[in-house]
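Here are my notes for a colleague who is opening this entry for the first time. They are set out as numbered points, to be read with the sequence and the structure in view.

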Amino acid sequence: MAAGWEPRPSEAVGGDGPGGPEWRPVLDVPPPGQQRRWTVLLRWLLLLPQFVVVALLSFVAFFVTIAGWFSALVLGRLPDPIASFLGSVLAYQTRVSAGAALLVDRYPPFAFDAPDYPVRIELRATPLNRLAVLFRLFLMIPAAVVSSLAQSGWFAVSWVFWLIGIILGRLPEPVFGATAAVVRYRMRLAAYAMMLTPVYPKGLLGDAPEAASQPAYSATRPLRLGTGAQVLVWLFLLLGLAGHLTSGTIDYDDQGDDHAGTASAGRVAG
């Protein structure tokens, strides 16, 4: 599986190559296989301790990211200790997210370093554009909206996938692919927000044809989505949009007071 964080920039080879400036963070997940039905049934309950750890790590990572932002403005890159910590947190979050989304059955370890765990991400250190770092919060808004819609839509139908997993003991290929696409996009958005990559999040509908034609390293590298999986991704976006529009509806009571409707933002576990 893929390595975690390479602390020094590689020689650029262009394009989306390993050291190229357009190289994007990748997610490695094994192909969908049989899962124990009882762990599918109790998946989110079993992962409650992990959710607590992720929340604590995310709190710390927020302040480390702020420190990294100031450092990147000066240096044009993240200092290695900051990049290593944020990369480890992102890898931890992604492992928990993949488990909660039923992509894998194996319980994630309570450790930053998990070389034997089947879910891995790969990050490569590349120089950062200081102007893009300065306006990073604004630049990431469109991708954050897309990610929020996709996660909300996935959450709205996740109970169906949960039932399918209990009945079949696995996820069908279209469900697996669409779910992996949402998890990967969220990971790429987080990597961009943490300044672990200068490349804008892409690939919610799978990899481009030239990337998809490369030999498979894992089930998600490259991420080839069939028609069924792409339809599901569009369904997630539409359901997420409908949910956000509905949550913004204003109701008026007999006294003329208005109450803004609220709803929980659906997320792929974490």
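**Notes on the predicted model**

1. The largest nonpolar core holds 60 residues, and the members that touch the most other members of it are L78, L90, L103, L196 and F236. Two or more residues of this core come from each of the helices α3 (48-75), α4 (80-100), α7, α8 (173-193) and α10 (227-247), and also from the strand β3 (120-124). Among these elements, α8 makes the greatest contribution to the core, with 13 residues. Please keep in mind throughout that this is a predicted model.

2. For the overall setting, the protein is made of 10 helices and five strands, and of its 270 residues 45% count as buried. Among contacts in the protein with a separation of 6 or more, 74% are between residues 24 or more positions apart. The surface that the protein exposes comes to about 13300 Å², and carbon and sulfur atoms supply 67% of that area.

3. One of the core residues named above, L103, deserves a look of its own. Which residues does L103 touch, once those up to four places away in sequence are left out? The partners are V29, Q35, A98, F176, T179, A180 and V183.

4. The loop between α4 and β3 contains both A101 and L102. A101 has a relative accessibility of 2% and therefore counts as buried, the limit being under 20%. L102 is likewise buried, with a relative accessible area of 7%, and its phi is positive, about 70°, although L102 is not a glycine. A reader checking the backbone may wish to note M195 as well, another residue other than glycine with a positive phi, here near 65°. M195 is placed in the loop between α8 and α9, and its relative accessibility of 3% puts M195 in the buried class.

5. A101 can also be used to relate this loop to another part of the chain, since the C-alpha atoms of A101 and F155 are 9.4 Å apart in space while the two residues are 54 residues apart in sequence. What does the side chain of S158 reach? The S158 side chain reaches the backbone oxygen of F155, at 2.8 Å. S158 itself belongs to helix α7 (residues 141-168), and with a relative accessibility of 11% S158 counts as buried.

6. Turning to the aromatic rings, a search of the whole structure finds 10 aromatic pairs. Why is the pair of Y107 and F110 called tilted? The planes of these two rings stand at 50°, with the ring centres 6.2 Å apart, and an angle that is neither under 30 degrees nor over 60 is classed as tilted. Neither ring belongs to a buried residue: Y107 is partly exposed, with a relative accessible area of 35%, and F110 is also partly exposed, at 49% relative accessibility.

7. The pair of W154 and F161 is tilted too, because its planes are at 50°, and its ring centres are 6.5 Å apart. Are the two residues of this pair buried or exposed? W154 is buried, at 3% relative accessibility, and F161 is buried as well, with a relative accessible area of 7%. Elsewhere among the aromatic residues, F59, F62 and F63 form one cluster.

8. Two arginines are placed over aromatic faces. R136 lies over the face of Y192, at 4.0 Å from the ring centre, and R221 lies over the face of Y217, at 4.6 Å from the ring centre. R221 is of further interest for its backbone, as the peptide bond that joins R221 and P222 is cis, with omega about 0°. P222 is located in the loop between α9 (209-212) and α10, and α10 is also one of the elements that give two or more residues to the largest nonpolar core.

Terms used. Residues are numbered from 1 along each chain as its sequence is written. This is a predicted model: local features need pLDDT of at least 70, side-chain atom pairs count only at pLDDT 80 or more; totals for chains, interfaces and linings use all residues. Side-chain values use heavy atoms; hydrogens and water are left out. Rings of Phe, Tyr and Trp (its six-membered ring) pair if their centres lie within 6.5 Å; planes under 30 degrees apart count as stacked, over 60 as edge-to-face and the rest as tilted. Buried means under 20% relative accessible area, exposed over 50%, partly exposed in between (1.4 Å probe, protein chains only). A charge sits over a ring if NZ of Lys or CZ of Arg is within 6 Å of the ring centre and within 35 degrees of the ring normal. Helices (H or I, at least four residues) and strands (E, at least two) are DSSP runs, numbered from the N terminus. A polar contact is a pair of N or O atoms within 3.5 Å; within protein, one must be able to donate a hydrogen and the other to accept it, and residues adjacent in sequence count only if both atoms are side-chain atoms. A nonpolar core is a set of buried Ala, Val, Leu, Ile, Met, Phe, Trp, Tyr and Cys residues joined through side-chain atoms within 4.5 Å. Contact means heavy atoms within 4.5 Å. Accessible areas come from the Shrake-Rupley method with a 1.4 Å probe; for residues, only the protein chains shown count as cover.
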